[in-house]
Amino acid sequence: MKRLFGFRQDGQRIAAITLEAGDIAATILTHGAILNEVRLRGVPYSVTVGSPDLAAYDHAPMAQFGALVGPVANRISGAEATLDGVPLSFVANEGANLLHGGEDGLHRAVWQIAAFSQTSLTLTCALPDGKDGFPGNRFITARFSVEAPAQLRLEITASTDRPTLMNIANHSYWNLDGTETTDGHWLRIAADRYLPITDAYLPTRPQPVSGAHFDFREGREISPSDAQRLDHCFCLSDRTVARRPVATLKGRSGLMMTMETTAPGLQVFDGAPMGSGAFDGHRGVPEVGFCGVALEAQHWPDAPNRPEFPSVRLGPDETYRQDTLWRFSRR
């Protein structure tokens with residue numbers, strides 16, 4: 001089903017498309033390719049955090065909630081990089097660094113509907129050469145699909161006519177209990193390494209999770225009262241691989257989400273400083289810190305400045321691909 005969601009401040013019309021199959025319904029916006037809602041039969045709330053108000057996403061506190069972020073997700077240190085010996089410079093938007101492609105990144109794009117049916121939606125976005133400092137005329141496709149009994153899939157591809165940098169991530173926040181925070185959620189991550197960070201949230205060298213707060217291999221509860229904040233990349237592999245299970249999230253309600261992806265990294269963000277400001281979320285009240293946990297399939301952060309990390313270079317003879325699936329059930 002397609003309907004009008006609203007009009008942006010710049011007057012552009014934004015549609016909401018709802019896909020349905022079995023026990024799942026997912027609503028996606030053409031603004032930012034935002035995954036606005038995920039509803040499960042018999043569950044009286046959305047399991048992803050969002051808002052029914054477009055203004056909440058339009059240059060507002062929820063600008064990246066559920067959006068596709070990029071063209072390079074996460075951080076680029078110093079808002080600078082070198083590509084094939086050519087220096088690139090970007091407009092910093094988090095201190096001295098670039099975060100999620102900048103203030104006018106993919107989360108601000110109005111995506112075009114290429115095709116849709118009851119169970120699938122294909123969105124496209126064209127980025128011109130030089131936009132926000134990134135080279136190449138780039139064409140990005142995002143295909144969302146749902147399948148019974150309750151699974152959601154996102155397949156992203158991208159191409160370019162010049163060497164460029166590409167690392168796209170879905171930035172949904174998940175809350176399986178429909179509560180104010182994710183207190184008591186249980187998380188398992190299939191990673192034996194993670195990237196410690198500096199005070200500026202920039203990655204350092206991979207370290208073993210063994211013996212550290214970041215060991216989620218057997219799974220454990222997360223809570224706003226945890227002394228250690230989470231805004232770290234977990235190293236799943238050293239390259240893009242076949243899609244495999246990488247994380248499981250369980251709520252106190254008994255709902256469980258299993259996540260699979262082809263990406264080499266999973267950024268886990270506890271959402272501590274995030275909220276919806278004065279805007280209501282789907283629960284009918286403003287969202288506050290720790291309202292959801294973000295599990296962002298992506299390449300490792302700051303890869304353009306870390307040659308030892310999996311590369312995010314995309315050439316004109318290559319196709320960028322990411323395939324991520326979320327499966328919902330009751331334990």
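In this predicted model, the largest pocket takes up about 450 Å³. A total of 26 residues line this pocket, and Gln64, Glu94, Leu99, His100 and Met274 are the ones closest to its centre. Sorted by class, the lining comes out at nine nonpolar, 10 polar and seven charged residues.

The second largest pocket holds about 190 Å³ of space. Its lining is made of 13 residues, with Thr240, His299, Ser311, Arg313 and Tyr320 lying nearest the centre. Two strands, β26 (313–314) and β27 (320–330), each put at least two residues into that lining. Here the split is five nonpolar, four polar and four charged.

Then there are the cavities. Three of them reach 30 Å³ or more, and the largest has a volume of about 110 Å³. Around the largest cavity sit Thr182, Ile222, Ser223, Pro224, Asp226, Gln228, Arg229, Leu230, Asp270, Phe290 and Val293. By class, that lining is a mix of five nonpolar, three polar and three charged residues.

Val293 also leads on to the strands, as β25 covers residues 293–298. That strand belongs to an open, antiparallel sheet of six strands, which runs in the order β16-β25-β24-β21-β18-β19. At the edges are β16 (173–174) and β19 (207–208), each of which pairs on one side only.

Working across the sheet from the β16 edge, β16 and β25 run antiparallel and are joined by two bridges. Tyr173 is the residue that stands opposite Ala294 of β25. On to the next pair: β25 and β24 are also antiparallel, this time over five bridges, and Gly265 has Gln298 of β25 as its bridge partner. All six residues of β25 are buried, so the strand is largely enclosed by the rest of the structure. Val293, Leu295 and Ala297 point one way, while Ala294, Glu296 and Gln298 point the other way, and every one of them is buried. That list takes in a glutamate and a glutamine along with the nonpolar side chains.

Next to β24 (residues 265–269) comes β21, and these two strands pair in the antiparallel sense over five bridges. Within this pair, Asp231 is set opposite Phe269 of β24. What about β21 (residues 231–235) itself: is it enclosed or not by the rest of the structure? Five of its five residues are buried, so β21 is largely enclosed. Cover is found on both faces, with Asp231, Cys233 and Cys235 buried on one side and His232 and Phe234 buried on the other.

Further along, β21 pairs with β18 (residues 193–194), again antiparallel, over two bridges. Both residues of β18 can be placed against β21: Arg193 stands opposite Cys235, and Tyr194 has Phe234 as its bridge partner.

Now for the nonpolar packing. In soluble globular proteins, nonpolar side chains tend to be buried together. The largest nonpolar core in this model counts 62 residues, and Val47, Trp111, Ile140, Trp174, Val268 and Phe328 have the most contacts inside it. Some of these names tie back to the strands already described: the span of β16 (173–174) takes in Trp174, and that of β24 (residues 265–269) takes in Val268. Phe328, in turn, falls within the span of β27 (320–330), one of the strands that help line the second largest pocket. Leaving out neighbours within four places in sequence, Phe328 is in contact with Ile24, Val38, Leu40, Val47, Ala150, Trp174, Leu176, Met256 and Met257. Val47 and Trp174, both on that contact list, are also among the core residues with the most contacts.

Two other residues round out the picture. Arg108 sits in the loop between β9 (98–99) and β10 (112–116). Is this arginine buried or exposed? With a relative accessible area of 9%, Arg108 is buried. Not counting residues up to four places away in sequence, Arg108 touches Arg8, His31, Tyr57, Asp58, His59 and Glu103. Phe7, for its part, belongs to strand β1 (residues 2–7). Beyond its neighbours within four places in sequence, Phe7 is in contact with Gln12, Arg13 and Leu54. Between the C-alpha atoms of Phe7 and Ala33 there is a separation of 15 Å, with the two residues 26 apart along the chain.

Note on methods: Residues numbered from 1 in each chain as written. Predicted model: local features only at pLDDT ≥ 70, side-chain atom pairs only at ≥ 80, totals over all residues. Heavy atoms only, no water. 1 Å grid on protein atoms, 1.4 Å probe; cavity = no way out; pocket = protein on both sides within 12 Å on 5 of 7 lines; lining within 4 Å. Points joined across faces, edges and corners; volume = space filled by probe spheres on them. Nonpolar A, V, L, I, M, F, W, Y, C, P; charged D, E, K, R; others polar. Helix = DSSP H or I, 4+ residues; strand = E, 2+ residues; numbered from the N terminus. Buried < 20%, exposed > 50% of the residue type's maximum accessible area, 1.4 Å probe, protein only. Pairing = 2+ DSSP bridges. Core = buried A, V, L, I, M, F, W, Y, C linked by side-chain atoms within 4.5 Å. Contact = heavy atoms within 4.5 Å.
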